[in-house]
Amino acid sequence: MAGSAPRIFVSHLAGTAVFDPNGDEVGRVRDLVAMLRVGRRPPRLLGLVVELATRRHIFLPITRVTGIESGHVITTGVLNVRRFEQRPTERLVLGEILDRRVHLVETGEDVTVIDVSVQQLPARRDWEVDRVFVRRGRGRAFRRKGETLTVDWSAVDGFSLEEHGQGAESLLATFEQLRPADLANVLHHLTPKRRAEVAAALDDDRLADVLEELPEDDQIEILGKLKEERAADVLEAMDPDDAADLLAELPEDDKERLLTLMRPDDAADVRRLMAYEERTAGGLMTTEPIVLRPDATVADALARVRQQDLSPALAAQVYVCRPPDETPTGKYLGTVHFQRLLRDPPYTLVGSIIDDDLRPLRPEAELPVVAGFFAAYDMVAAPVVDEGGSLLGAVTVDDVLDHMLPDDWRETEFHLQEGAGHGGG
């Protein structure tokens, strides 16, 4: 592993203050949550268990941490204050890994884990548990220098999942690298009991991505087996249009109960989408495109396009509007395509390079009209604008295809043939 990122021993993080971007303390670190992986691969750090002033323990995803040091932790300021509940694939680093008896792979010698270190992977937001600080012998008393050592995670046996282990852990670890659509295909062919076990073990973001790729019946079945608060968390993590489609299939009482449990802003977006017919531009659109003011620069636009959570279709263009710069916005001015952003100097104002030749879609435009628009103009995303000229959202080509393919298309297995694209006899 590259040495550019600092290595932090987790014992130094215990009790560390957690701050929001304004410098206000929001809580204290009480543990770290990691996911074990097959073989001797280092565990992935999922997040932190933070104790609030109310003594409630909440989960802070590592993706919402902007700085982590031995003296403090800085967050994005976005916290989900629901009580932390450990899932089957998760391990508490302080509570379950420290003081554990393991053995060294090379010698078979039994050792005790005193500490472990975490490090951020180069050029990524992911963190891993990479080193283990161990002590020889069985005693806990202080010992003379030379009886402790630090080794790579792979040099210690007794933590990682076995290839033929039982339960959801082994299955999830085996399929960790699958794309959501492929993992959804795996889940679809499991028994309902097994499918529920795996869904319960997935983290919210991963489960949201997988749900978006599952047939409707599987979506409803899985959501119905989650605790209501967790179901609301997963719906928040889904794209608003997919969440709206799923909620629309539920009984009215269940739908309203889940919407009430969701964060108000997320619920408002979903309610807005549910007001439109499903097979219209309004029903297909997402309410979270990239929206910029005309005085934003090309550099600003490229920074937004680089956001890791954006789909390729949404990152293909930005939409320029008068304030406010969230949907539904002020007046829609036009679109700037990604290729144009690459051609112009970083200081160029996006308001000066907009493409306003194409008429945007109306929310009531039906699916054939939307599909024809994409085909005629070679678009991967298109703005949806109301009669008053406000941007409501954007339709992406994947959502158009979802609604044009046969209802059972998700149930069809499709895999790239091994060796496709390579020469050979």
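Take helix α4, which spans residues 192-201, as the way in to this predicted model. Its buried residues are R195, V198, A199 and A201. If you look down the axis of α4, these buried residues fall within an arc of 165 degrees, so they line one face of the helix.

Now for the charged side chains. The count of salt bridges comes to 20, and a few of them are worth a walk-through. Start with D130 and R7, whose closest N and O atoms are 2.9 Å apart. This pair ties together distant parts of the chain: D130 sits in strand β11 (residues 127-136), R7 sits in strand β1 (residues 7-9), and 123 residues separate the two. How buried or exposed are the partners? D130 has a relative accessible area of 8%, and because the cut-off for buried is under 20%, D130 counts as buried. R7, on the other hand, comes out at 37% relative accessibility and is partly exposed.

Other salt bridges stay inside a single helix. In helix α9 (residues 252-261), E252 and K255 are three residues apart, so about one helical turn separates them. Their side chains meet in a salt bridge, at 3.0 Å from N to O. Here E252 is the partly exposed partner, with 46% relative accessibility, while K255 is buried at 11%.

Helix α10 (residues 264-274) has a pair with that kind of spacing too: R272 and D269 both lie in it, three residues apart, or about one turn of the helix. The side chains of R272 and D269 form a salt bridge with an N to O distance of 3.4 Å. What about the burial of this pair? R272 is buried, with a relative accessible area of 19%; since buried means under 20%, R272 falls inside that class. D269 is buried as well, with a relative accessible area of 16%.

Salt bridges can also join up. R87, D204 and R230 are linked in a network of them, so if you're clicking through charged side chains in the viewer, bring up these three together.

Let's go back to helix α9 for a moment, because L261 lies in it too. With 24% relative accessibility, L261 counts as partly exposed. Which residues does L261 touch, once you leave aside its neighbours within four places in sequence? The list is R82, E228, E229, A232 and E236. One of these, E229, is 32 residues away from L261 along the chain, yet the C-alpha atoms of L261 and E229 are separated by 6.5 Å.

Last stop: the aromatic rings. A search of the whole structure turns up three aromatic pairs. One of them is formed by F373 and F374, with 6.3 Å from centre to centre and 75 degrees between the planes. Why is this pair called edge-to-face? Because the planes are 75 degrees apart, and an angle over 60 degrees counts as edge-to-face. Both rings belong to buried residues: F373 has a relative accessible area of 10%, and F374 has 6% relative accessibility. To complete the picture, F373, F374 and Y377 form one aromatic cluster.

Key
Residues numbered from 1 in each chain as written. Predicted model: local features only at pLDDT ≥ 70, side-chain atom pairs only at ≥ 80, totals over all residues. Heavy atoms only, no water. Buried < 20%, exposed > 50% of the residue type's maximum accessible area, 1.4 Å probe, protein only. Helix = DSSP H or I, 4+ residues; strand = E, 2+ residues; numbered from the N terminus. Arc of directions from axis to C-beta. Salt bridge = Lys/Arg side-chain N within 4 Å of Asp/Glu carboxyl O. Contact = heavy atoms within 4.5 Å. Phe/Tyr/Trp six-rings, centres within 6.5 Å; stacked < 30°, edge-to-face > 60°.
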